[in-house]
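Biologist: I should be grateful for a close look at a single part of this model, namely the empty space in it. Please then relate that account to other parts that merit comment.

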Amino acid sequence: MTAGIKKRIYFDHSATTRVLPEVEEAMLPFLTEKWGNPSSLHAFGREAKVAVENSRKHVAKLLNCDPTEIVFTSGGTESDNLAIKGVAMYKGKMKGHIITTKMEHHAVLETCEWLKRFGFDITSLPVSQEGLVDVGDVERAIRNDTILISVMMANNEIGTIQPYKEIGTIARDRNIPFHTDAVQAIGKIPLDVKADNIDLLSLSGHKFHGPKGIGALYVRKGSKIEPVIQGGGQERGLRSSTENVPGIVGIGKAAELAKRDLEPTSQRMKVLRDKMIKSVPEIVPRSYVNGHKTRRLVNNAHFRFDFIEGEGLILQLDFKGIAASTGSACSTGALEPSHVLLAMGLTHEQAHGSLRVTLGRENTEEEVDYLLEVLPGVVSKLREISPFNEKRPMSPGEGGSGVQ
Amino acid sequence: MYSEKVMEHFANPRNVGEIPDADGVGKVGNPQCGDVMWLYIKVKDNIITDVKFKTFGCGAAIATSSMITELAKGKTIEEAKRISRGDVADSLGGLPPVKMHCSNLASDALREAIKDYEAKKAAKT
């Protein structure tokens, strides 16, 4: 493969993934002939209901829980909202203390921020330079009025895997519900909510080759939780609304495949990830690996490059047919770079120059080699445009008059 | 989403570089915010004869830098002073709203470069 051949390579699997053909095939009948409402008593309803319950079994198997502990939602964000608001507002108590971290997904961070407005107290724990939360910090943060601990299983940007098992043990010992956003972990980490003492776990279909618009929340039997959507009482009252049957069938199939293929796909992605993590700092001067060396998702490689800005990098790679992402402010429409990179202690300048490459089960070594082939050229092209270099390093205020 | 013109200027930026004996240099932005632009001008008989730039920043920052070099070249100092942020954005077929504020630094850099040129000229006389 040489530069110039317009082949599209997708390295942005933490953003979303392709619906696998088996998933599409499983879903299609539920968009065409089997379009009944699972709540209906007649044959149309029954065939939809059977499919929904079958799907629930597959998701439960993936997590090692009982099917009745699975609540289907519209996605990871809704699952996080339901877990946190649902526990916080249980029986209208409207007070208490929640422990979380500074590098959670916005669905958790913003939900906690919102609860603050109603009098809840939130502790957002710091993370290390590698993006790890300290288990001791979690333990020390626990108070008599702590009602929930919410720590993500694996980070969506830098792929760091948190010590969720240890946190689960601590939480269970103190009888505090433990929620974990496992959206990025599915299909990459073997899951066992029972062994790992997890009470609530969020997942999202489109992150593991299912469709968009469908997610699930594992709710451990006996959890004290309120619904956040009121209505017809579907999903054992925890999530009213007529079921998204094609979506549920899709996430069920995706869960089945994720479990079946976990070993070989993770192994393959890990080899490719390690090749990138080893090669990039060797072939691109002044480039660095972000995140943890070993405690990281098998599909996540995260870099930063001195003297250049990430959005330009993404656009240049896109010209070469490569889709990746960055934590630079400019890419998101926000004025601040990624809160995750800042929480790890990176400066704004460093965070602006970041590149996230997230692999999927379908990526090949040839594709990784192509990225490694074009990356040095793309970086030096942007460095030629940049006013900064070894002799003129970037530092705050270095730019000029400060006009913004 | 960027306009085609923005993408074209980003992909093939015009007048990248520095002018060692520049008559005026304008430096704006801040690396913390993700956008820094250094603009160099050569002036002869009150006319901007050459413009070069170096920019650290996103696609919009690089495209506006490239565009301003085209807009300013050949203009008198007075004409160049009148080039606004809006002119740069319009010439590029528009910019996403979020980029209008932080990345549209080019006209500021040009004005700073002219200010520098005028200060140097005043010091000489």
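Modeller: The largest cavity in this predicted model has a volume of about 170 Å³. Here a cavity is a set of points on a 1 Å grid, over the protein atoms alone, where a 1.4 Å probe fits but cannot get out; points join across faces, edges and corners, and the volume is the space filled by probe spheres set on them. Among the 20 residues of its lining (an atom within 4 Å of a point), those closest to the centre of the largest cavity are A:Ile186, A:Gly187, A:Phe208, A:His209 and A:Arg361. By class this lining comprises nine nonpolar, seven polar and four charged residues, where Ala, Val, Leu, Ile, Met, Phe, Trp, Tyr, Cys and Pro are nonpolar, Asp, Glu, Lys and Arg are charged, and the others, Gly among them, are polar. Over the whole structure, the search returns three cavities of 30 Å³ or more.

Residues are numbered from 1 along each chain as its sequence is written, and chains are lettered from A, and ligands numbered from 1, in the order in which they are written. Local features require a pLDDT of at least 70 and side-chain atom pairs 80 or more, while totals for chains, interfaces and linings use all residues, and side-chain values use heavy atoms, with hydrogens and water left out.

Open space is also present. The second largest pocket (an open set of points with protein on both sides within 12 Å along at least five of seven lines) has a volume of about 420 Å³. It is lined by 18 residues, of which A:Asn175, A:Ile176, A:Pro177, A:Ser223 and A:Lys224 are the closest to its centre. In chain A, helix H3 (76-88), strand S5 (146-150) and helix H6 (164-173) each give two or more residues to this lining; helices (H or I, at least four residues) and strands (E, at least two) are DSSP runs, numbered from the N terminus. The lining of this second largest pocket divides into eight nonpolar, four polar and six charged residues.

H3 and S5 also help to cover helix H4 (residues 106-116) of chain A. A:Ala107, A:Val108, A:Leu109, A:Thr111, A:Cys112 and A:Leu115 of H4 are buried, that is, under 20% relative accessible area, with exposed over 50% and partly exposed in between (1.4 Å probe, protein chains only). Their cover further includes strand S3 (97-101), strand S4 (121-125), strand S6 (178-181) and helix H10 (339-343) of chain A.

The loops of chain A offer several individual residues. A:Lys91, between H3 and S3, has a phi near 55 degrees, a positive value in a residue other than glycine; A:Lys91 counts as exposed because its relative accessibility is 64%. A:Asn197, in the loop from S6 to strand S7 (200-204), likewise has a phi near 55 degrees, but A:Asn197 counts as buried because its relative accessibility is 17%. A:Gly205 follows in the loop between S7 and strand S8 (215-219), and at 0% relative accessibility A:Gly205 counts as buried. Apart from neighbours within four places in sequence, A:Gly205 is in contact (heavy atoms within 4.5 Å) with A:Gly210, A:Pro211, A:Ile214, A:Gly215 and A:Ile251. A:Asp134, placed between S4 and helix H5 (135-141), is partly exposed at 40%; its C-alpha atom lies 9.5 Å from that of A:Ile167, 33 residues apart along the chain.

S7 and S8, together with strand S2 (70-73) and helix H7 (245-283), pack against the buried residues of helix H2 (residues 43-63) of chain A. Those buried residues include A:Gly45, A:Ala48, A:Val52, A:Arg56, A:His58 and A:Leu63. At 1.5 Å a residue, the 21 residues of H2 should span 30 Å, and the end C-alpha atoms are 31 Å apart, which agrees; the expected span is 1.5 Å times one less than the number of residues. Just after H2, A:Asn64 takes a positive phi of about 60 degrees.

In chain B, B:Ile41 belongs to strand S2 (residues 35-44) and is buried, with a relative accessible area of 0%. Beyond residues up to four places away in sequence, B:Ile41 touches several residues, among them B:Ile19, B:Ala22, B:Val51, B:Leu110 and B:Tyr117.

As to confidence, chain A averages a pLDDT (the predictor's confidence in each residue, from 0 to 100) of 94, and 95% of its residues score at least 70. Over residues 397-404 of chain A, however, the pLDDT is below 50, and this stretch has 30 contacts in the model beyond near neighbours in sequence. The mean pLDDT of chain B is 94, with 99% of its residues at 70 or more. For the complex, the predictor gives an ipTM of 0.93 and a pTM of 0.93.
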